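Take a moment with the sequence and the model below. The tour starts with one side chain, moves to the metal site and ends with the aromatic rings.

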Amino acid sequence: MATAHKAPDVARDGAAAAAVVTDITELEAVFDAAVAADERIEPRDWMPDAYRATLVRQIAQHAHSEIIGMQPEANWITRAPSLRRKAILMAKVQDEAGHGLYLYSAAETLGVSRDELLDKLHSGRQKYSSIFNYPTLTWADVGAIGWLVDGAAITNQVPLCRCSYGPYARAMVRVCKEESFHQRQGYELLLALSRGTPEQHAMAQDAVDRWWWPSLMMFGPPDAESSHSEQSMTWKIKRHSNDELRQRFVDICVPQAESLGLTLPDPDLRWNEERGEHDFGPIDWSEFWSVLKGNGPCNEQRLTQRKQAHDEGAWVRDAAAAYAAKHSDHDKDRRPAAPGTPAEATA
Ligand SMILES: [Fe+2]
Ligand SMILES: [Fe+2]
């Protein structure tokens with residue numbers, strides 16, 4: 001953490017302790033220098049309002065995606081074909097809840113409450129990733145989500161481990177390790193199906209056919225149309241553009257699809273010797289915008305289930321709060337009185 005860009009009421013270290021930074025231009029210069037030097041910005045450091053707002057928007061959207069993303073796969077927990085698969089899927093869905101918790105906690109360090117963020121999700125004022133508005137029609141979809149959706153998430157999130165905002169970057173380190181397990185279990189699941197009966201192979205291929213293009217859309221609109229990208233790159237919240245990350249993902253997936261014995265549903269997909277990357281076909285952005293506007297196959301279902309789960313969980317939150325309050329009173333009773341404190345003050 002940079003000690004030189006604390007909030008105005010916090011004195012600088014050492015001999016300069018008397019010099020309190022009050023001038024906004026100076027604060028901005030110190031912030032810019034810290035970002036340029038690849039230092040982490042921490043919650044108590046001064047930061048521009050727009051930087052804070054961008055982080056809140058991005059971290060909230062990310063947190064919402066984690067918890068909404070539990071739904072499509074949780075649909076299959078009771079129908080997993082073996083105890084082993086069921087245990088793996090339960091662990092994965094539980095991990096996603098954990099990712100939501102790390103991220104809501106990271107957002108809270110920016111001065112917003114979790115209640116406020118959930119309220120914005122439930123009222124449609126904040127978004128979650130459009131990918132989770134697609135249905136999981138067969139068991140193979142669990143594999144395709146792990147391989148492609150978690151795979152795209154890793155490609156997006158590994159650079160976020162170096163994000164300029166400390167709490168977000170640190171949350172991403174653990175999230176990425178767990179996403180890596182998710183991606184592998186999906187790949188392994190698809191491999192088992194691909195090498196299974198002709199019906200199982202066809203099921204795996206069908207899932208990949210349906211999830212491939214929405215996975216490419218996960219990286220967001222093309223760079224030319226991405227409204228937040230440039231500023232986020234300057235602030236080092238983002239390290240690579242949407243199109244760069246999408247290209248990286250395509251290049252990773254092509255050899256993996258070959259090993260799986262599955263075909264990616266794009267007739268234009270081919271290696272471009274000159275560019276040293278794969279060319280791929282045009283993405284149907286009208287579908288992306290339509291799903292984002294709420295017209296995807298499952299938008300309504302996802303939000304309705306989320307709100308229902310939230311309402312039905314009210315008693316758990318109440319009980320947890322009552323338990324915490326009771327124990328904090330209990331701890332207070334047992335804490336030794338400060339020297340000189342009159343006995344009745346601690347009774
Ligand atoms: Fe996750
Ligand atoms: Fe995941």
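A polar contact is a pair of N or O atoms within 3.5 Å; within protein, one of the two must be able to donate a hydrogen and the other to accept it. Keep that cut-off in mind for the first stop. Note also that this is a predicted model.

Start at Arg302. Find this residue in helix α12, which covers residues 299-312. Is Arg302 buried or exposed? Its relative accessibility is 1%. Buried means under 20% relative accessible area, so Arg302 counts as buried. The side chain of Arg302 reaches the backbone oxygen of Tyr134 at 3.0 Å. That distance is within the 3.5 Å cut-off for a polar contact.

Now look at what else surrounds Arg302. Leaving aside residues up to four places away in sequence, Arg302 touches Ile68, Gln71, Pro72 and Asn75. Arg302 also touches Tyr128, Phe132, Asn133, Tyr134 and Pro135. Ile68 deserves a second look. Along the chain, Ile68 and Arg302 are 234 residues apart. Their C-alpha atoms are separated by 6.8 Å.

Move on to the metal site. Which residues hold the iron ion (ligand 1)? Its protein donors are Glu66 (OE), Glu96 (OE), His99 (ND1) and Glu179 (OE). They lie 2.0 to 2.2 Å from the ion. Along the chain, these donors follow the spacing E-x29-E-x2-H-x79-E. The four donor atoms around the iron ion (ligand 1) subtend angles of 85 to 147°, so the arrangement is irregular. Glu66 sits in helix α2 (residues 49-68) and Glu96 in helix α4. The two are 30 residues apart, and the pair links distant parts of the chain. Both Glu66 and Glu96 are buried.

Turn to the iron ion (ligand 2). Glu96 (OE), Asp150 (OD), Glu179 (OE) and His182 (ND1) coordinate this ion, at 2.0 to 2.2 Å. The spacing of its donors reads E-x53-D-x28-E-x2-H. Here the four donor atoms subtend angles of 82 to 162°, which makes this arrangement irregular too. What bridges the iron ion (ligand 2) and the iron ion (ligand 1)? Glu96 does, and the two ions lie 3.4 Å apart. Glu96 lies in helix α4 (residues 83-108), while Glu179 lies in helix α7 (residues 166-194). The pair therefore ties together parts that are 83 residues apart in sequence. Glu96 is buried, with a relative accessible area of 5%. Glu179 is buried as well, at 2%.

The last stop is the rings. How many aromatic pairs does the structure hold? There are ten. One of them joins Trp147 and Tyr187. Their ring centres are 6.5 Å apart and their planes meet at 70°, so the pair is edge-to-face. Trp147 lies in helix α6 (residues 140-157) and Tyr187 in helix α7. This pair therefore ties together parts that are 40 residues apart in sequence. Trp147 is buried, with a relative accessible area of 1%.

Two more ring features complete the tour. Phe31, Trp46, Tyr51 and Trp235 form one aromatic cluster. At Trp76, a charge joins a ring: the charged end of Arg79 sits over the ring of Trp76, 3.9 Å from its centre.

Definitions and conventions
Residues are numbered from 1 along each chain as its sequence is written. Chains are lettered from A and ligands numbered from 1 in the order in which they are written. This is a predicted model: local features need pLDDT of at least 70, side-chain atom pairs count only at pLDDT 80 or more; totals for chains, interfaces and linings use all residues. Side-chain values use heavy atoms; hydrogens and water are left out. Donors are N, O and S atoms within 2.8 Å of the metal (3.2 Å for Na, K and Ca); water is not among the atoms, so sites may look incomplete. Four donors count as tetrahedral if all angles lie between 85 and 135 degrees; four count as square planar and six as octahedral if opposite donors are over 155 degrees apart and all others between 65 and 115; anything else is irregular. Helices (H or I, at least four residues) and strands (E, at least two) are DSSP runs, numbered from the N terminus. Buried means under 20% relative accessible area, exposed over 50%, partly exposed in between (1.4 Å probe, protein chains only). Rings of Phe, Tyr and Trp (its six-membered ring) pair if their centres lie within 6.5 Å; planes under 30 degrees apart count as stacked, over 60 as edge-to-face and the rest as tilted. A charge sits over a ring if NZ of Lys or CZ of Arg is within 6 Å of the ring centre and within 35 degrees of the ring normal. Contact means heavy atoms within 4.5 Å.
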